[in-house]
Amino acid sequence: MTDVLAQLTEIIQSRMQAGAAEESYVASLHAKGLNKILEKVSEECAETLLAAKDAEHSGDNKELIYETADLWFHSLVMLAHMGVETDQVLAELARRFDMSGLAEKASRKK
Ligand SMILES: N=c1c2ncn([C@@H]3O[C@H](COP(=O)(O)OP(=O)(O)OP(=O)(O)O)[C@@H](O)[C@H]3O)c2ncn1[C@@H]1O[C@H](COP(=O)(O)O)[C@@H](O)[C@H]1O
């Protein structure tokens with residue numbers, strides 16, 4: 001499953017390094033800078049929330065899947081723009097495998 005993330009990360013990085021803004025959406029976002037990228041992440045986040053609420057009523061997850069893909073894609077663009085490797089985020093998630101979310105929360109309250 002993570003092969004797709006690895007492949008997409010590679011494409012995003014190559015577009016940021018060598019893509020022309022007129023031909024590549026990723027290169028154009030990178031050229032516009034962090035504020036534009038954050039605007040897109042925020043927009044896609046809101047669209048994902050609305051799609052989840054719609055899906056709750058309709059029982060159809062198609063839009064939710066589509067919007068989540070947009071959100072993940074723009075999050076990857078943000079990470080690449082900031083020089084964060086996708087692997088670093090995956091490693092953080094992997095680190096949490098043995099950790100209960102509730103136990104972690106309780107440990108922060110001590
Ligand atoms: N996965 C994606 C992907 N998902 C979504 N998008 C684009 O993200 C944008 C989402 O914006 P919106 O939904 O808000 O639509 P919009 O109204 O056109 O957006 P704006 O005018 O507000 O920017 C659209 O232009 C989509 O085409 C993506 N663009 C690129 N990729 C991947 O990135 C690769 C490189 O793309 P380029 O950099 O364009 O070559 C592609 O081969 C794909 O694998």
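Helices here are DSSP runs of H or I, at least four residues long, numbered from the N terminus. By that count, Ile65 lies in helix α4. Keep that helix in mind for the tour. The model is predicted.

**Start with the confidence.** Colour the protein chain by pLDDT. The mean is 93, and 98% of the residues reach 70 or more. For the complex, the predictor gives an ipTM of 0.92 and a pTM of 0.92.

**Select Ile65.** Is this residue buried or exposed? Ile65 counts as exposed, because it has 12 C-beta neighbours inside 10 Å, and 12 or fewer is the cut-off for exposed. Now add Thr48. The two residues are 17 apart in sequence, and their C-alpha atoms are 8.5 Å apart in space.

**Move to the ligand.** Show the residues around it: Leu8, Ile11, Arg15, Gly19, Ser24, Tyr25, Val26, Ala27, Glu43, Asp70 and Phe73. Colour them by character. Six are nonpolar, two are polar and three are charged. Which helices each supply at least two residues of this shell? They are α1 (2-18), α2 (25-32) and α4 (62-81).

**Next, the largest nonpolar core.** Select Ile12, Val26, Leu29, Ile37, Leu76, Val77 and Ala80, seven residues in all. Helices α2 and α4 each supply at least two of them. The largest share, three residues, comes from α4. Val26 deserves a second click: this core residue also belongs to the ligand's surroundings.

**Finish at Ala80.** Leave out residues up to four places away in sequence. What does Ala80 touch then? Its contacts are Thr9, Ile12, Gln13 and Met16. Of these, Ile12 is itself part of the core.

Technical notes. Residues are numbered from 1 along each chain as its sequence is written. This is a predicted model: local features need pLDDT of at least 70, side-chain atom pairs count only at pLDDT 80 or more; totals for chains, interfaces and linings use all residues. A residue is near a molecule or strand if its C-beta atom, placed from the backbone, lies within 6 Å of it. Ala, Val, Leu, Ile, Met, Phe, Trp, Tyr, Cys and Pro count as nonpolar, Asp, Glu, Lys and Arg as charged, and the others, Gly among them, as polar. A nonpolar core is a set of buried Ala, Val, Leu, Ile, Met, Phe, Trp, Tyr and Cys residues joined through C-beta atoms within 7 Å. A residue is buried if 20 or more other C-beta atoms lie within 10 Å of its own, exposed if 12 or fewer, and partly exposed in between; C-beta atoms are placed from the backbone. Two residues are in contact if their C-beta atoms, placed from the backbone, lie within 7 Å. pLDDT is the predictor's confidence in each residue, from 0 to 100.
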